[in-house]
Amino acid sequence: MSNSSRGAWASRSTFILASIGSAVGLGNAWRFPALCAKHGGGTFLFVYLLAILAMGLPLLMMEIAIGRRMRGGVVTALGGLNKKFEPIGWAATSNAFFIAVYYAAVFAWVILMMLNSWQFAPLTGSPAAAGALWTSLTRTTETTSGYGIISWPTVGCLVLAWAAIWLCIRKGTDSINKVAKYTVLLPVLCLAVMAVKGVTMPRAGEALHQLFVPQWAQLADPKLWIDAFSQVFYSLSIMMAIMFAYGSFLDRDSNIAADATVIALADLFISVLASIVMFTTMYGTGLADKVASLGMGATFKVYPTAIVSLTESGIVNALFGFVFFFCLFTLALGSAFSILEGVSTAFADKFRLEKSRCTAVLCVVAGVLSLFFTCGAGLAWLDVVDNWCNSFNLILVGVLETLAIGWGFKTAKVLKEINRNAKSFHLPAWWFNASVKILSPLLLCLFFVWNLITLFQSGGIYGAAANYSLLSNLVGGWGMMAVVFASGFIVRLVVRRKTKKGFVESHVAWDDTEE
Ligand code: PHE
């Protein structure tokens, strides 16, 4: 396939904006502030910064550089370095696919709340009723029972969510080029509005103190380190097939060292801005102790109680509610379409499929699967799948990918590609090598084992996350993980059979004459 038909970024800023749009997502809006609250504010920020330097930046640059050099999605790119690495590419792709499936369900809930934000007006002064709004709209049971309960409004919003995702990527980069800036500028605008409101509320000083002033004693807590490193991983959208794809649409003369630094800093900035909003709003409405509990489901229940206590005026509160959920909408959209684009690029490049058809089919398949999460038991299952995707699959893909590239390929070649057009800032070799060869595989391995031990401690010999049924853990956890890591071998079997019938798979190689 020629380069032009694979798609290309309209400009340097489009690539940067699309990558920031992928990086900033729901993770910035509620995971990051919750982790700050849990781990002593500034202490978490400090370790998070260390994690960006030690792992985030080098790995982000590495993925973009390999994608650009190999001109292919994650499977083609990794397989091009060494055929044996291809299953790692498939593991990243299938894990990304599962993330896309449940992320779309959360996205649908965000749309549902956005469209219902007018309901906050009459609920002003009744926090309990506002907190119950999401549950009554989605009819979720928060347990692994209630499969037969269906909320039609949620189903409708899920259709809207997928339509929005498909619209943004239906023509690959041609359509992303048009929407990239909105998925960054709009959320920043909304966050800025909410931050102004937040810092003018009572107890704002105390909130900012909690957020920024470190409590160094917390550094001794290993969970803080795991959470910070995992959050960097999740937030920068690495090991998710995305950055290979986005890198593959880049021009050879782009400056990866500089661009990736801008992307990581912008992501950090938006996380901190979102934390200022969350901390000041929650402190200002007397919910200070609830910041740490914000998460996938909790935000939908806890934050509305703050919304209806913001001011005395119902209309103003409803307006803030809308701004908040609209902000989440724009944040989630850029991430959701990027992950599908990553999966679609991986498939289209590997099997020489027509990209737009591939994207459409993937949206339909993932869309149908995501329907499951809208049933009563959906949130509980989502919790299990989310936990497994992030605490196990993502980390294991990270271990394999860094080991493969660090020890099974030449890091010097990758580094040269990263620094190809670097001007004032070059990524030094010691930094890159220490990260890719030693720190990343070692730390990620440790985190994986730690998470596994935690799982067995809380869930007994079956390794079932507490509170949820064995079935959900076996299927949504272990089963899904097995599919992710077996996917490369399953695909190989299928390809082998098709090859006998004349199918020729695409293969690229790192061409050393191209220097
Ligand atoms: N960086 C995203 C976030 O913080 C993570 C993500 C990316 C999730 C792409 C899904 C798809 O929300």
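**Ligand environment and backbone outliers**

An oxygen atom of the ligand lies 3.2 Å from a backbone N or O atom of Leu26. The structure is a predicted model. Two further contacts to the protein backbone involve nitrogen of the ligand: a nitrogen atom is 2.7 Å from a polar backbone atom of Ala23, and a nitrogen atom is 3.1 Å from a polar backbone atom of Tyr234. On its own the ligand has 320 Å² of accessible area, of which the protein covers 100%. The largest cavity is the space taken by the ligand.

Helix 2 (12-23), helix 3 (26-38), helix 6 (86-115), helix 12 (222-235) and helix 16 (314-351) are the elements that each give two or more residues to the shell around the ligand. The most is given by helix 3, with three residues. The ligand is surrounded by 15 residues, of which Ala23, Gly27, Tyr103, Tyr234 and Ser235 come nearest. Grouped by class, the shell holds eight nonpolar and seven polar residues, and no charged residues.

Positive phi values were computed for two residues that are not glycine, Arg139 and Met239. Arg139, in the loop between helix 7 (127-138) and helix 8 (152-169), has a phi of about 60°. Its relative accessibility is 44%, so Arg139 counts as partly exposed. For Met239, phi is near 65°. Met239 lies in the loop between helix 12 and helix 13 (242-248). Met239 counts as buried because its relative accessible area is 0%, under the 20% cut-off.

Methods: Residues are numbered from 1 along each chain as its sequence is written. This is a predicted model: local features need pLDDT of at least 70, side-chain atom pairs count only at pLDDT 80 or more; totals for chains, interfaces and linings use all residues. Side-chain values use heavy atoms; hydrogens and water are left out. A residue is near a molecule or strand if one of its heavy atoms lies within 4 Å of it. A polar contact is a pair of N or O atoms within 3.5 Å; within protein, one must be able to donate a hydrogen and the other to accept it, and residues adjacent in sequence count only if both atoms are side-chain atoms. Accessible areas come from the Shrake-Rupley method with a 1.4 Å probe; for residues, only the protein chains shown count as cover. On a 1 Å grid over the protein atoms alone, a cavity is a set of points where a 1.4 Å probe fits but cannot get out, and a pocket is an open set with protein on both sides within 12 Å along at least five of seven lines; lining residues have an atom within 4 Å of a point. A molecule sits in a cavity or pocket if more than half of its atoms lie within 2 Å of its grid points. Helices (H or I, at least four residues) and strands (E, at least two) are DSSP runs, numbered from the N terminus. Ala, Val, Leu, Ile, Met, Phe, Trp, Tyr, Cys and Pro count as nonpolar, Asp, Glu, Lys and Arg as charged, and the others, Gly among them, as polar. Buried means under 20% relative accessible area, exposed over 50%, partly exposed in between (1.4 Å probe, protein chains only).
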